[in-house]
Amino acid sequence: MNRAIRRVGILMLSLMVLLLANNSYVQVIKADSYANNPDNLRRLYDQYNVERGLITAADGTVLASSTATDDKLKYLRTYPDGPLYAPVTGYYSVTSGAHGMEYAENQILNGNDSRLQLRQLTDLSSNTRTGGNVQLTINPKVQAAGYDTMVRNGFTGAAVAIQPSTGQILGMVSVPSYDPNGLSTHDTAAARSAYNSDDPQSATSPLINQTVSQAYAPGSTFKLVVSAAALSGGTGDENTPDLPAAPRVTLPGTSTTLENFDGETCPQSVGGQVSMKTALAFSCNTAFATLAGRVGAAGVAAQAAKFGFGDSNLSVPLGVVPSCVGPAKSCLTIPNGTAGLYQSGIGQLDVQETPLQDAMIAATIANGGKEMRPQLVKALQAPDSSTIQDFTPETLHDNVISPQVAATMTEMMEASESHSGTAGKNPAIQIASKTGTAEHGPDPKHVQPYGWYVAFAPGANPQIAVAVVVTSGGNLDLATVGAKVAGPVGRAMINAALG
């Protein structure tokens, strides 16, 4: 009898231990997982019981707000100018969660930030909670100018504008865009349909913010990096005609030729040679391939790294994919010896840049060689719009180039602008720029090239730097695609900022 009682007791004790272990596992180890499960309706109701805070532009324009409803989810997220600002705001959805700035600043917007704790105690008495506000650095005029110009011309691509002295992002455009209101609806079937219609798994999905999440071959805009390396290292000066003006050069160690964009001799040559300034103004490939060879792979890669290539930790606070001069696994190593260096020197082969990175290069030159940390958030605010945190300018990389090199490059870029067309140009504004045309894909001769335009203005006292990439639409002419399609977009943003 005692033995039977003992066995029953051991069994019951074992069951209690297992029950306690399971309870601990559920409530401690798996607590966060269950709480954050999108199928957890209690969590969903709790989230939508919060009047999520505003997202506003620098001038107070409301980009995202919450509207009271009569359904179980008490607040609906709305976006007054959805597609215009979608690459920045992102969306807040019952089916696919938060994205973009809605995700990056979620703790402030949903009221969970520790700096809002006192406010939360007040809200407990009324059984409501109100989130804080996020004020962005975006200038609505600059944003609209870039977006409208791209859409009106049927372009796809991206554009970024930065204030050189502070790093504040004035515009962040990605086309095609999408309407976040379709994703924020409380109708789950409609929200899923809107999400799937934007083809989220595609590399060209409208849901992708191309300014920070996509890197492209930069073409001749990369010649700014090569110029900076050559001038900084004393490899060459801007005025001496000692670079080949020939229509083509043979890649070292191969029988393959590299040609100027039009297959012609670079203009304004002296004895078959051109200066760096002339080569940049007319974007002569043979000259810059040779110049890159003189600087060396290590020198070009080191200068690129100073500008921020290879930085995998950059956040604005949206995450930014790294820009690279080599393959992904060796981001800062130029492959294929001198032949590869020649191709990389004109922004081809494995060189890949985000539009943000190209804008940062222009902004650094404009700022005398000091690169400021790009920032999309101007201030964090309590629900009553009082400031919790202001963001002050922060140096990201000091002395990327010297002030003297920056001044020389400004003159070179002003000369380049004089040969890049007049579309959208305001003659009262002095612009320093560089255009680019980048071939890409397995059959580059039969695919529309990327058209680039990077610039800053005014040349004497820069207030804005821009980078534009047009990935499709517009003129297919290799010689002018950057100037003709990307140039007017960049100039429209400059005009909006300075007008």
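# Notebook: strands, loops and a buried aspartate

**Entry 1. The open sheet.** I began with an open sheet of 6 strands, whose order is 4-3-2-8-16-17 and whose pairing is mixed. Strand 4 (75-78) and strand 17 (387-390) stand at the edges with a single partner strand each, so one side of each is left without a neighbour in the sheet. I record here that the model is a predicted one.

I then looked up one pair inside this sheet. Strand 8 (residues 133-136) and strand 16 (residues 377-381) are paired in the antiparallel sense, over 4 bridges. For Val134, I found that the bridge partner in strand 16 is Leu380. As background, I noted that the strands of a sheet pair through backbone hydrogen bonds, either parallel or antiparallel.

**Entry 2. Strand 20.** How many of the residues of strand 20 are buried? I found that 8 of its 8 residues, 450-457, are buried, and the strand is mostly covered. I also sorted the side chains by direction. Tyr450, Trp452, Val454 and Phe456 point one way from strand 20, while Gly451, Tyr453, Ala455 and Ala457 point the other way. The residues of both groups are all buried.

Next I looked up the partners of strand 20. Strand 19 (residues 432-438) pairs with strand 20 in the antiparallel sense over 7 bridges. Within that pairing, Lys434 has Val454 of strand 20 as its bridge partner. Strand 21 (residues 464-472) is also paired with strand 20, in the antiparallel sense and over 7 bridges. Here Tyr453 stands opposite Val468 of strand 21, and Val454 has Ala467 of strand 21 as its bridge partner.

**Entry 3. From strand 20 to strand 21.** Strand 20 and strand 21 form a hairpin, with 6 residues between them. Pro458 lies in the loop between these two strands. The peptide bond that joins Ala457 and Pro458 is cis, with an omega of about -15°.

Why did I describe strand 21 as largely enclosed by the rest of the structure? The reason is that 8 of the 9 residues of strand 21 are buried. Strand 21 also pairs with strand 9 (residues 156-162), in the antiparallel sense over 7 bridges. In that pairing, the bridge partner of Thr156 is Ser472 of strand 21.

**Entry 4. Backbone angles.** I noted beforehand that most residues other than glycine have a negative phi, and that most peptide bonds are trans. Beside the cis bond before Pro458, I found a cis peptide bond that joins Val175 and Pro176, with omega about 10°. Pro176 is placed in the loop between strand 10 (169-175) and helix 9 (180-184).

I then looked up two residues with a positive phi. Gln268 has a phi of about 60° although it is not a glycine. Gln268 sits in the loop between strand 13 (257-259) and strand 14 (273-274). Is Gln268 buried or exposed? Its relative accessible area is 55%, and Gln268 is therefore exposed, since the cut-off for exposed is over 50%.

For Asn336, phi is near 65°, which is a positive value in a residue other than glycine. Asn336 belongs to the loop between helix 15 (297-307) and helix 16 (337-344). Its relative accessibility is 55%, so I entered Asn336 as exposed.

**Entry 5. A buried charge.** Where is Asp198 found? I located Asp198 in the loop between helix 10 (188-197) and helix 11 (210-213). Asp198 is buried, yet has no salt bridge. The nearest side chain of opposite charge is that of Arg192, 14 Å away; a salt bridge would need the relevant nitrogen and oxygen atoms within 4 Å. Which residues are in contact with Asp198, leaving aside its neighbours within four places in sequence? I listed Tyr178, Ser205, Pro206 and Leu207.

**Entry 6. A nonpolar patch.** Finally, I turned to the surface. Leu11, Leu15 and Leu18 form a nonpolar patch there, and together they have about 320 Å² of accessible area. I looked up Leu11 in particular: Leu11 lies in helix 1 (residues 2-29). Its relative accessibility is 51%, so Leu11 counts as exposed.

Methods
Residues numbered from 1 in each chain as written. Predicted model: local features only at pLDDT ≥ 70, side-chain atom pairs only at ≥ 80, totals over all residues. Heavy atoms only, no water. Buried < 20%, exposed > 50% of the residue type's maximum accessible area, 1.4 Å probe, protein only. Lys, Arg positive; Asp, Glu negative; His and termini not counted. Contact = heavy atoms within 4.5 Å. Pairing = 2+ DSSP bridges. Patch = residues over 30% accessible without salt bridge, like charges linked within 9 Å, V, L, I, M, F, W, Y side chains within 5 Å. Areas by Shrake-Rupley, 256 points an atom, 1.4 Å probe, with all protein chains shown as cover.
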